[in-house]
Amino acid sequence: MSMSNPLLALRGVNLSFAGNTVLDNVDFSVGRGVIASLIGPNGAGKTSLFNCITGFYKPQSGSIKVDDQELLGLKPHRVTQAGIARTFQNVRLFQQMTVLENVMSGSHCRSKAGAIAAILGLPSQRREEADIRAHAIECLAFVGIADEMDRDATNLAYGHQRRVEIARALATRPKLLLLDEPAAGLNAGEKADLLTLIGRIRDELGISVLLIEHDTGMVMKISERITVLDHGVVIAEGAPKEVQANPKVIEAYLGQEDGEDLL
Amino acid sequence: MAQTRSNLFNNLIAQFDTPWKRCAAFAVILALLLVAPISLGPYATVILTNALLYVVLALGLNVVVGYAGLLDLGYAAFFAVGAYTVGILTHTFGFNFWLTLPVAVGAAVVIGTPTLRLRSDYLAIVTLGFGEIVRFTARNLDITGGASGISGIQQPWLFGWHINTPFEFYYVFVVLAVIAVIVSVRLQHSRLGRAWLYVRHDEDAAEAMGIDTVRVKLAAYVIGAIFGSIGGAFFAVNLGAISPESFSFQQSVLILMAVILGGMGKIPGVILGAFIVVLAPELLRDMGEFRLLLFAVGLLLVMLFRPSGIWPARGK
């Protein structure tokens, strides 16, 4: 893991809405081939940070670089093109479309056939369509639900919908995958499967993973690095053991009313 | 009762589940269209020509409204720009009709695209205004012939064939409608066609998947404009005369109705819708003054019992 040249690097990111500070001078990085987690109490700014990285929010100042390419100011589709894919906290699949069609959306930014090629049915367009389909099926097979590809995506069991979303993100051929609470709403068995899947995404596909997760047991088990955010400020960063022992982190979690405990 | 009726209809359509059966159905319909003028006579031919024009227009608007989900209330404007461009260039400046077609398309695209800079609800309002602006401009300019419009537009020649009888125009519109259907089908099953659906269902998720939503919507709008202006160009040479009243807000509404009635985004449904909005008022002609009332009640009933259009949603 080369810390000198991380895959994703945030420097001094500031975000505020109508004078309320959401992210306060955030420095943060994710190395290559790493599984990292972003944790923190509710309202700490974790999803806002995701939205800044992926171009949905525009920070007032700072720098966000992936492989030394500046992402700040790019629209979300350009960020995806640059190699960052994401899933959403509340699953957002395309309704009334099949599982396969959902996953095929991920190939859009890696293909180029336009209206004229489609109308004329050019050989290059047909080949590209076949490739898009094949790649989507591959991604579905990777997450283990290829046999459900012709079903209406929103009719799937919740756990499988989450997998469709991951397959769809993988179809964009990312360098870094951002998962926003991927375990929310899953039962113990499904969580165990998700842990395996996240490990395989890194090991077999070589994609770095950054996740936001509330299930601290899971976070401790899977992450190599953890960053703790509280009130928009990074209060700790390091290996799971270090973070767990950090007094600031314990205070942040104990100070919370609903008392989420960190092991 | 209504339930069993609609189930019957669904079952009937479910029979056409393979590409072969669908091609066969398409061939039968096409054969019927080809012999229709001979067996039905001149009056019916003119009405059917109008229905085919509406097929082209409705399929064009379907790309904008049905696929990309952009509510366009001024679609007749593209129709008008196409018709006037051809009218002015052929009649006033003596250009060849076929050479004016690309100009008509270009003019529609250039005039129409600025309206797309807005989001959802605002877009509907702006397109509504756009439709009216185009009509009022046509009514007030000298070059467009003011309120009386342009008459005496030359019928076109194609490789020595002078297209000038209603029967000949009927067949030209059959060809146009078939091209419009093929283009729609091809687009629907393409990367761009899927992108329109992604954008319509969830714009943010589409962006997150790397889709340039602005560009994709612009493509839908441009393609809709092309369909509309080509329809308008042939409309102008078919009638030989155009006036601002041919392109009223009611015209836009009627095309939109064809799309919604048949089922947004469903090609066979949209074709059916186009035929209904043109033929129903004709079939009800004997009813005299009650004609439009009956038509309106019929539309309301369809919307009540089949809110997503007459054509059933695709199977699982």
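Start by selecting strand 7 and strand 8 of chain A: the two run parallel and are joined by 5 bridges. Keep in mind as you look around that this is a predicted model. For one rung of this pairing, pick A:Leu178, whose bridge partner in strand 8 of chain A is A:Leu210. Now follow the backbone: from strand 7 of chain A the chain passes through helix 7 of chain A to strand 8 of chain A, a right-handed β-α-β crossover.

Next, highlight that helix, residues 188–205 of chain A. Helix 7 of chain A lies across strand 3 (35–39), strand 7 and strand 8 (208–212) of chain A. Its direction is about 150° to strand 8 of chain A.

Hide the helix for a moment and stay with strand 8 of chain A. Is this strand buried or exposed? Of its 5 residues, 5 are buried, so strand 8 of chain A is largely enclosed by the rest of the structure. Side chains in a regular strand alternate between the two faces of the sheet. Here, colour A:Ser208, A:Leu210 and A:Ile212 for one side, then A:Val209 and A:Leu211 for the other; all are buried, and both faces of strand 8 of chain A are covered.

Now step across to the other neighbour. Strand 3 of chain A runs parallel to strand 8 of chain A, with 4 bridges between them. Select A:Ala36 and you will find it opposite A:Leu210 in strand 8 of chain A.

Going the other way, move to strand 7 (residues 176–180) of chain A, which pairs with strand 6 of chain A in the parallel sense over 3 bridges. A:Arg86 is a good residue to click on: its bridge partner in strand 7 of chain A is A:Leu178.

Time to show the whole sheet. Which order do its strands take? The 6 strands of this open sheet in chain A follow 6-7-8-3-9-10, with mixed pairing. At the edges sit strand 6 (84–86) and strand 10 (233–238) of chain A, each paired on one side only. On average, neighbouring strands of the sheet are turned by 20° against each other, ignoring direction.

Finally, zoom out to all of chain A, which has 10 helices and 10 strands. Its radius of gyration is 19 Å, close to the 18 Å from the globule rule for 263 residues, so the chain is as compact as a globular protein of that length. The C-alpha trace spans about 65 × 40 × 35 Å along its principal axes. Buried residues make up 43% of the 263 in chain A.

Note on methods. Residues numbered from 1 in each chain as written. Chains lettered and ligands numbered in written order. Predicted model: local features only at pLDDT ≥ 70, side-chain atom pairs only at ≥ 80, totals over all residues. Rg over C-alpha atoms; globule rule 2.2 N^0.38 Å. Buried ≥ 20, exposed ≤ 12 C-beta atoms within 10 Å, placed from the backbone. Pairing = 2+ DSSP bridges. Axes fitted to C-alpha atoms, helices over the stretch in contact; angles between N-to-C directions. Contact = placed C-beta atoms within 7 Å. Right-handed = clockwise from strand over helix to strand, strands pointing away.
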